[in-house]
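Me: Please take one strand of this model and look at it closely. Then follow its pairing and packing outward into the rest of the chain.

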Amino acid sequence: MGLQTWLGSADFKTRVEREALQSLGVGVTVGAIKVSVFPKPAVVVTDIEVATQPALSLAYVGVRPELGRLLMGEWSVGSVLVRDASLPQHGIDALLLLLSKTKPPAQSAQAPEAKTSAKKSDPWFPRALLLKNVSWVNAKGLAMTVDLQADINAHGEPDQVNAQVLKGFLQGSTAQLTRQDRVWNVALNLGGGTVQGPVEFQVPPQPGGAYVLKGQLEIKGVEVAALSTAATPVLSGRLDASTTLSARTSQIDDLSDVLKTQSQFTVKDAVLHGIDLAKAVKTVGTSRGGTTTLDVLAGQVNTQGRVIQLSNLVASSGMLSATGQVKVAANRALSGQVSVNLAASQLGGAVGVPLEVGGTLDAP
């Protein structure tokens, strides 16, 4: 009772906020701190706000010790539960930058000792991390809210992660990641299909080093429209693809911008939205809008960040067939050429017409 009264006092809360400011280099406010005994001992902190730009907010953080070691007089974190939090990526990046500036210089100079200590069990590394209703907004403003559970080893490395997207981008998707050394076996369920394969992610041993990502994924039956952030996706259909990916960057937030992928793909039951290729040919390109239903759509796609290059495109549907190359710029502008062929019954004689592709993804 005395401990609970002390932890819940205004003086202790002020002390925590002051220590957090000195450690993080940014203001931190705390609503309340208390000790929970049932069903298991825990220290609970509510209404935390970290004054980065934008701010990080956490409505509830519960820290449970490992009970067995606690009874032996040793402190070790068993699990951490974070609930109802808002964690914008810009705020996370700002906090990481402040932490890199406040870290003692001597720490980076003691590489041999640091390597040895990394093998020891750190009592402050939780063995389980649980996120409930945690919202994340990436640098481009794309938001998602997730539940996540991670099993963490004694060195602070996650060994298994299970996640579910509750709302926002990719709502309803699930992910299971299992680590073996530096390689993650990825199993995703999204857009009614699956994505599976090994992905290796290397974290830099020191601040300023490079994050390295590489992998090989097999995609089966994923609805293409579910992967788009546009209000009206330019393409729908079921995607099968073999994809290699790679990225290297010193800033984790730049990972999506430097990510390179190469894919061989086929889209079943494909529909192009925003253009009717047959009408475009018949009207010599003056017809805009409409849709094109395709029996076959296949080709190769290379990406770097938000730039997409489609090549060796082959599409066909009934009396229509097409080949071409199309590029999607970072600003969603389209460029390229598609050669459309219509059979004799369509125009009174077989004809092939080259069409210049322009406009944007939203209005091709």
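Reply:

**Strand S18 and its surroundings**

Strand S18 spans residues 320–328 and has two faces. The covered face carries Leu 320, Ala 322, Gly 324, Val 326 and Val 328. The uncovered face carries Ser 321, Thr 323, Gln 325 and Lys 327. In a regular strand, side chains alternate between the two faces of the sheet. Keep in mind that this is a predicted model.

**Partners of S18**

Take strand S17 to begin with. S17 covers residues 307–317 and pairs with S18 in the antiparallel sense, over eight bridges. Ser 316 stands opposite Ser 321 of S18. The S17–S18 hairpin has two residues between the strands. Gly 318 takes a positive phi there, near 60 degrees.

Now strand S19, residues 334–342. S18 and S19 also pair in the antiparallel sense, over nine bridges. Leu 320 has Leu 342 of S19 as its bridge partner. The S18–S19 hairpin has five residues between the strands. In this hairpin Arg 332 has the positive phi, near 75 degrees.

**From S18 into the core**

Leu 320 sits on the covered face of S18. Leu 320 is also one of the residues with the most contacts inside the largest nonpolar core. That core has 43 residues. The others with the most contacts are Leu 239, Phe 265, Val 267, Leu 297, Val 340 and Leu 355. Strand S13 gives the most to this core, with five residues.

Look at Leu 239 in particular. Leaving out residues up to four places away in sequence, Leu 239 touches Ile 219, Lys 220, Gly 221, Val 222, Val 224, Phe 265, Thr 266 and Val 267. A second, separate core has 19 residues, including Ile 33, Val 45, Val 61 and Val 77.

**Pairing around S14**

S13 (residues 235–249) pairs with strand S14 (residues 260–273). The sense is antiparallel, and there are eleven bridges. Leu 235 stands opposite Leu 272 of S14.

S14 has further partners. With strand S16 (residues 296–304), S14 forms eight bridges in the antiparallel sense. Val 267 stands opposite Leu 297 of S16. Both Val 267 and Leu 297 are among the residues with the most contacts inside the largest core. With strand S15 (residues 291–294), S14 forms four bridges, again antiparallel. His 273 has Thr 291 of S15 as its bridge partner.

**Charged pairs**

The whole structure holds five salt bridges. Three residues, Glu 157, Asp 159 and Arg 179, are linked in a network.

Glu 157 and Arg 179 meet at 3.4 Å, N to O. Glu 157 lies in the loop between strand S7 (143–152) and strand S8 (158–168), and Arg 179 in strand S9 (residues 174–180), so this pair ties together parts 22 residues apart in sequence.

Asp 159 and Arg 179 have their closest N and O atoms 2.7 Å apart. Asp 159 lies in S8 and Arg 179 in S9, so this bridge ties together parts 20 residues apart in sequence.

How covered are the three? Arg 179 is buried, at 19% relative accessible area. The cut-off for buried is under 20%. Glu 157 is partly exposed, at 35%. Asp 159 is partly exposed too, at 30%.

Another salt bridge joins Glu 17 and Lys 13, at 3.6 Å, N to O. Both lie in helix H2 (residues 10–24), four residues apart, about one turn of the helix. Glu 17 is buried, at 18% relative accessibility. Lys 13 is partly exposed, at 23%.

**Rings**

The structure holds one aromatic pair. The ring centres of Phe 201 and Tyr 211 are 6.1 Å apart and the planes lie at 15 degrees, so the pair is stacked. The pair links distant parts of the chain, ten residues apart. Phe 201 is in strand S11 (residues 193–202), and Tyr 211 is in strand S12 (residues 211–223). Phe 201 is partly exposed, with a relative accessible area of 26%. Tyr 211 is buried, at 18%.

A charge also meets a ring. Arg 83 lies over the face of Tyr 60, at 4.0 Å from the ring centre.

Notes: Residues numbered from 1 in each chain as written. Predicted model: local features only at pLDDT ≥ 70, side-chain atom pairs only at ≥ 80, totals over all residues. Heavy atoms only, no water. Salt bridge = Lys/Arg side-chain N within 4 Å of Asp/Glu carboxyl O. Buried < 20%, exposed > 50% of the residue type's maximum accessible area, 1.4 Å probe, protein only. Pairing = 2+ DSSP bridges. Core = buried A, V, L, I, M, F, W, Y, C linked by side-chain atoms within 4.5 Å. Contact = heavy atoms within 4.5 Å. Phe/Tyr/Trp six-rings, centres within 6.5 Å; stacked < 30°, edge-to-face > 60°. Lys NZ or Arg CZ within 6 Å of the ring centre and 35° of its normal.
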